[in-house]
Amino acid sequence: MINFNGSFLPPEGLLSSSNRAFLYGDGVFETLKVVNSKVLFLEDHYFRLMASMRIVRMQIPYNFTLEYFEEQIISTATACNCANAARVRFTVYRNDGGYYLPQTREVSYLIQALPLASALYSFSDAAYEVDLYKDFFISKQLLSTIKTTNKMISITGSIYAQENELQNCLLLNNDKNVVEALNGNLFMLMGNKLITPPIEEGCLNGITRKKILELANKIEDIEVVQEAISPFDLQKADELFITNIIIGIQPITQYRKKGYTTNLAAQLLQQLNELI
């Protein structure tokens, strides 16, 4: 079932040929995790969605309160029989009409929920190899920091990774600095220094990124900084890992001929699970 503006409908036939998210990528979305009928990091997701809608000049409905947001997500996960552990996507798009200039700034929303195998985060010892994706670059702008329905760089990068038997790719901005992975934020440990690119570099303003920064700042002997990462820095790093709300933390085991440890990633993953 799909939650369409508060009503549960079958997914067939919901997308019209004039849907602006389909025609122009005129939409924003949040990917959320529900555990035991609770939205993980609810307020962070809600305020990021509200900020995203303001950035792209969508009209925020009066009933879009934090309580309404939570209620619609939980009811969708419940209706889909996965409220114990669910991946939920909350998509907001501008209503039909117009070409590049919309006829209205009013919006509709869709909520989808899929079951997750486990409520807790975990990672395996399996190899996880990455390389740089250099066909397209991320712009250093505010639009790059939010989740829009135009994810063409991540799509073409994922195809490139599959063609080259990689598990993921790292994306660059116009300054040729490493910004993030295809599906999450990037962290690099070099000695006792944990580094992640600042938002100004064009990376997603990730919810899990925020939580990892908070947790890492409490670890003794770890210096946490937000600064640009050069591709040359990757060869000097001790650890690399990717974060997002669904996987939690995914350690990178290999970049080209360089291998990495996973000690800090494992420690932070345990602390992240304690927040669930």
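**Notebook: helix H2 and its surroundings**

I began with His-45, which is found in helix H2. The model is a predicted one, and I read every value below as computed from it.

**Entry 1: His-45.** I looked up the accessibility of His-45 and found 0%, so this residue counts as buried, the cut-off being under 20%. I then listed its contacts, setting aside neighbours within four places in sequence. The partners of His-45 are Glu-30, Thr-31, Leu-32, Leu-40, Phe-69, Ile-207 and Ile-245.

**Entry 2: Arg-48.** I turned next to Arg-48, which also lies in helix H2. Is Arg-48 buried or exposed? Its relative accessibility is 10%, and it therefore counts as buried. Again without the neighbours within four places, I noted contacts of Arg-48 with Glu-30, Lys-147, Leu-204, Asn-205, Gly-206 and Ile-207. Glu-30 and Ile-207 appear in the lists of both His-45 and Arg-48.

**Entry 3: the helix as a whole.** I checked the length of H2, which covers residues 42-55. Its 14 residues should span 20 Å at 1.5 Å a residue, and the end C-alpha atoms are indeed 20 Å apart, so the two values agree. I recorded the buried residues of H2 as Leu-42, Asp-44, His-45, Tyr-46, Arg-48, Leu-49, Met-50, Ser-52 and Met-53. An α-helix has 3.6 residues a turn, so residues three or four places apart point the same way.

Against which elements do the buried residues of H2 pack? I found four strands and two helices listed: strands S3 (27-35), S4 (38-39), S5 (85-94) and S6 (107-115), together with helices H3 (66-79) and H5 (207-216).

**Entry 4: positive phi values.** I followed the chain beyond the helix. Just after H2, Arg-57 takes a positive phi of about 60 degrees, although it is not a glycine. Most residues other than glycine have a negative phi. Arg-57 is found in the loop between H2 and H3, and it is exposed because its relative accessible area is 57%, with the cut-off at over 50%.

I noted a second case at Asn-81, where phi is near 60 degrees, again positive in a residue other than glycine. Asn-81 is found in the loop between H3 and S5. Its relative accessible area of 73% means that Asn-81 is exposed.

**Entry 5: Glu-274.** I looked at the segment after helix H7 (263-273), where Glu-274 lies. With 59% relative accessibility, Glu-274 counts as exposed. I also took its distance to Tyr-121: the C-alpha atoms are 10.0 Å apart in space, while the two residues are 153 apart in sequence.

**Entry 6: the whole protein.** I counted seven helices and 16 strands in the protein. The C-alpha atoms fill a box of roughly 50 × 40 × 30 Å along the principal axes. For 276 residues, a compact globule would have a radius of gyration near 19 Å, and the protein has 19 Å, which agrees. Buried residues make up 50% of the 276 residues.

Of the contacts with a separation of 6 or more, 71% are between residues 24 or more positions apart. I put the accessible surface at about 13,700 Å², of which 50% belongs to carbon and sulfur atoms. Finally, I noted 24 positive and 29 negative side chains, the centres of the two sets lying 4 Å apart.

Conventions:
Residues numbered from 1 in each chain as written. Predicted model: local features only at pLDDT ≥ 70, side-chain atom pairs only at ≥ 80, totals over all residues. Heavy atoms only, no water. Rg over C-alpha atoms; globule rule 2.2 N^0.38 Å. Buried < 20%, exposed > 50% of the residue type's maximum accessible area, 1.4 Å probe, protein only. Contact = heavy atoms within 4.5 Å. Areas by Shrake-Rupley, 256 points an atom, 1.4 Å probe, with all protein chains shown as cover. Lys, Arg positive; Asp, Glu negative; His and termini not counted. Charge placed at Lys NZ, Arg CZ, Asp CG, Glu CD. Expected span 1.5 Å × (residues − 1).
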